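Here's a quick briefing for anyone opening this structure for the first time. Have a look around, then read on for the tour.

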Amino acid sequence: MTVAAAVAVLVGVLALATALGLLLRARTGRARPMRTNDTRTTTTDPTTADLAPAEAFGTEATLVQFSTPTCARCPATRRQLDALAAAHPGVTRLEIDLAERPELARRFAVMQTPTVLLLDRGRAVHTRFGGPPRPAELTAALDTVLTAPAAAPATTPGDQSP
């Protein structure tokens, strides 16, 4: 292999690595709305019920942060989510340490920490953020959940008024 060919290969590898790095950086922290036909996020699927005791979830919304002890960006994300939860009644932040509960990384397809899930009133996953959430997108997603009409309670035939 000549020196010119080796340099060309090196430049090609660097260009590819740069392009992939820029792509990953552009996707980090972006809101990814979950579709209602996604079987992992339907309101009848109790996959989030065992994350914490019922009283740990917010009455309006819950921000679930998946973290690890070595995550450098998790403390800043924790502060961001705590501030947002404090500004909205009925919203809480729940932190899950994946080092203590590694099975959740597979169940929720967590590939990086922090990963943040926005759960609605019914504890269904509404939005997912890979990496630290971008503040404007997180606020917009939370506003969507908070302004969504509450589901009508189910009635049984004996509950109806005459």
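A residue counts as buried here when its relative accessible area is under 20%. Cys74 is buried by that rule, because its relative accessible area is 1%. Keep in mind that this is a predicted model. The chain has 162 residues, and 31% of them count as buried.

**The overall layout**

- The chain's secondary structure adds up to 4 helices and 5 strands.
- Reading from the N terminus, the elements go α-β-β-α-β-α-β-β-α.
- Take the contacts in the chain with a separation of 6 or more: 71% of them come from residues 24 or more positions apart.

**The disulfide**

- You'll find 1 disulfide in the structure.
- That disulfide links Cys71 and Cys74, with an S to S distance of 2.1 Å.
- The link between Cys71 and Cys74 is right-handed, with 90 degrees about the S-S bond.
- Is Cys71 buried or exposed? Cys71 is at 11% relative accessibility, so it counts as buried.
- Its partner Cys74 is buried too, at 1% relative accessible area, and helix H2 covers residues 74-86.

**Strand S2 and its partner**

- Strand S2 takes in residues 61-67, and 7 of its 7 residues are buried.
- In a regular strand, side chains alternate between the two faces of the sheet.
- Here's how that looks in S2: Ala61, Leu63, Gln65 and Ser67 point one way, while Thr62, Val64 and Phe66 point the other way. Residues on both sides of S2 are buried.
- S2 pairs with strand S3 (residues 91-97) in the parallel sense, over 7 bridges.
- Which residue in S3 is the bridge partner of Leu63? That would be Arg93.

**The S4 and S5 hairpin**

- Strand S4 (residues 115-119) and strand S5 (residues 125-130) run antiparallel, with 5 bridges joining them.
- To see one of the pairings, look at Val116, whose bridge partner in S5 is Phe129.
- The hairpin has 5 residues between its strands, and Arg123 sits in that loop between S4 and S5.
- Arg123 has a phi near 65 degrees, which is a positive value in a residue other than glycine.
- Arg123 is partly exposed, with a relative accessible area of 27%.

**The loop leading into S4**

- Between helix H3 (103-107) and S4 there's a loop that holds Pro114.
- The peptide bond from Thr113 to Pro114 is cis, with omega near 0 degrees.
- Ala109 is in the loop between H3 and S4 as well.
- What is the phi of Ala109? It's a positive one, about 55 degrees, even though Ala109 is not a glycine.
- Ala109 has a relative accessible area of 33%, so it counts as partly exposed.

**Where H2 meets H4**

- The axes of helix H2 (residues 74-86) and helix H4 (residues 135-147) come within 12 Å, crossing at roughly 35 degrees.
- The crossing of H2 past H4 is right-handed.
- On the H2 side, the residues in the contact are Gln80, Leu81 and Leu84. On the H4 side, they are Pro135, Leu138, Thr139 and Leu142.
- Sorted by type, the residues of this contact between H2 and H4 come to 5 nonpolar, 2 polar and no charged.

**A closer look at Leu138**

- Leu138 belongs to helix H4.
- Leu138 is buried, with a relative accessible area of 1%.
- Which residues does Leu138 touch, leaving aside neighbours within four places in sequence? Leu138 is in contact with Leu63, Gln80, Leu81, Leu84, Phe129 and Pro133.
- Some of those contacts are already familiar: Gln80, Leu81 and Leu84 are in H2, and Leu63 is one of the S2 residues.
- Phe129 has come up before as well, as the bridge partner of Val116.
- Leu138 and Leu84 are 54 residues apart along the chain, and their C-alpha atoms are separated by 9.1 Å.

Conventions: Residues numbered from 1 in each chain as written. Predicted model: local features only at pLDDT ≥ 70, side-chain atom pairs only at ≥ 80, totals over all residues. Heavy atoms only, no water. Pairing = 2+ DSSP bridges. Helix = DSSP H or I, 4+ residues; strand = E, 2+ residues; numbered from the N terminus. Disulfide = S-S within 2.5 Å. Buried < 20%, exposed > 50% of the residue type's maximum accessible area, 1.4 Å probe, protein only. Axes fitted to C-alpha atoms, helices over the stretch in contact; angles between N-to-C directions. Left-handed = near helix turned anticlockwise from the far one by under 90°. Contact = heavy atoms within 4.5 Å. Nonpolar A, V, L, I, M, F, W, Y, C, P; charged D, E, K, R; others polar.
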